[in-house]
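I opened a fresh page for this structure today. Here are my notes, in the order I looked things up.

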Amino acid sequence: MTSSELWTRAMADRYDTEETGMSSAAVLGPTLTFLTSLAGTGRALEFAIGTGRVGVPLRERGVPVVGIELSEHMVAVLRRKMDEDMLPVALGDMATTIVPGEFALVYLVYNTITNLLTQDEQVECFRNAARHLAPGGRYVVELGVPPLRLLPPGQVAVPFDVSERHLGFDTFDLVEQILVSHHLTRDGEDGRYRRGSSRHRYAWPAELDLMARIAGLELERRVADWDGAPFTQDSPKHISVWRKPI
């Protein structure tokens, strides 16, 4: 098992409710169109498929999808939406778990590569993607750009959501390249808040490109969002596509 933190049953059961915005048509539509165009007539493999936020609707679009997921509780939620025959899922970590066959597309969305807390594990994730890809196949990663420009000297925290029901902020260890996401979420109407946190290893686009080269992949495209907007120095995230040579 890698250093990824496991999702518990309670966390898995809450996930879809807390991420309704990420499951909206406005977010999912461009994501599915982007991935469908890359998969073509081939199969797709989703690393860290979770509750199937992307994998289930992608399968419903006609793309054969297979998943890898570390948390059995997340898979249990996915199974409420789609059965094993329609969307097979292997229980294991995305850096080392191998499933049969070759794929036209391997994808890893919503910052999930940062769940691997060491550089070595992130490199192995790229290598695992490459070993599953058919020649000419693509590996896609969606990842935020570390917001270190927002840190004035002496400050270690950056808020990312301040709303009526949720306060979220990240703290940064600049030496170890680790960020911790902190969440205060209001449960119900009694005014009480639930506290949670998760650790992540952030990485810059250039570092991911080097990981890709180590795995034998070549950068094909980098854009700022699923609609294909140009990636600039002010982009808060990127969608990167690497290709396995023929």
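**Entry 1: an acid without a partner.** I began with D93, keeping in mind that this is a predicted model. Is D93 buried or exposed? I found D93 buried, yet without a salt bridge. Which side chain of opposite charge is nearest to D93? That is R131, and it lies 8.2 Å away. A salt bridge needs a side-chain nitrogen of Lys or Arg within 4 Å of a carboxyl oxygen of Asp or Glu, so R131 does not qualify as a partner for D93.

I then looked up where D93 sits in the chain. It belongs to the loop between β3 (89-91) and β4 (103-108). The side chain of D93 does have a polar contact, made with the side chain of T96 at 2.8 Å.

**Entry 2: acids that do have partners.** Next I wanted the charged pairs. Side chains of opposite charge can pair when their charged atoms come close. How many salt bridges are there? I noted a count of 10.

I looked at D13 and R80, a salt bridge whose closest N and O atoms are 3.0 Å apart. This pair ties together distant parts of the chain, with the two positions 67 residues apart: D13 is in helix α1 (residues 9-18), while R80 is in the loop between α4 (72-79) and β3. I checked how open each one is. D13 is partly exposed, at 40% relative accessible area, and R80 counts as exposed, at 59%.

My next pair was E84 with R79, a salt bridge of 2.5 Å from N to O. Here E84 is partly exposed at 38%, and R79 is partly exposed at 27%.

Then I turned to E124 and R127, whose side chains meet in a salt bridge of 2.7 Å, N to O. Where do these two sit? Both are in helix α5 (residues 119-132), 3 residues apart, which means that about one helical turn separates them. For E124 I wrote down 27% relative accessibility, partly exposed, and for R127 I wrote 35%, also partly exposed.

I closed this entry with a network of salt bridges that links R138, E220 and R243.

**Entry 3: a sheet.** I moved on to the strands. What is the strand order in the open sheet of 4 strands? I read it as β6-β7-β8-β9, with antiparallel pairing. Why do β6 (157-162) and β9 (193-201) each have a side without a neighbour in the sheet? They stand at the edges, each with a single partner strand, so one side of each is left open in that sense. I also noted the turn between neighbouring strands of this sheet, which is 20 degrees on average with direction ignored.

At the β6 edge I followed the pairing further. β6 and β7 (residues 166-173) run antiparallel and are joined by 5 bridges. One position to find in the view is A157, which stands opposite T171 in β7.

**Entry 4: stepping back.** Finally I looked at the whole protein chain. I noted 6 helices and 11 strands. The C-alpha atoms fill a box of roughly 50 × 40 × 35 Å along the principal axes. The radius of gyration is 18 Å; a compact globule of 246 residues would have one near 18 Å, so the two agree. Buried residues make up 48% of the 246 residues, and D93, where I started, is buried too.

Methods: Residues are numbered from 1 along each chain as its sequence is written. This is a predicted model: local features need pLDDT of at least 70, side-chain atom pairs count only at pLDDT 80 or more; totals for chains, interfaces and linings use all residues. Side-chain values use heavy atoms; hydrogens and water are left out. Buried means under 20% relative accessible area, exposed over 50%, partly exposed in between (1.4 Å probe, protein chains only). Lys and Arg count as positive and Asp and Glu as negative; His and the chain ends are not counted. A polar contact is a pair of N or O atoms within 3.5 Å; within protein, one must be able to donate a hydrogen and the other to accept it, and residues adjacent in sequence count only if both atoms are side-chain atoms. Two strands pair if DSSP finds at least two bridges between them. Axes are lines fitted to C-alpha atoms, for helices over the stretch in contact, and angles run from 0 to 180 degrees between N-to-C directions. The radius of gyration is taken over C-alpha atoms; the globule rule is 2.2 Å times the number of residues to the power 0.38.
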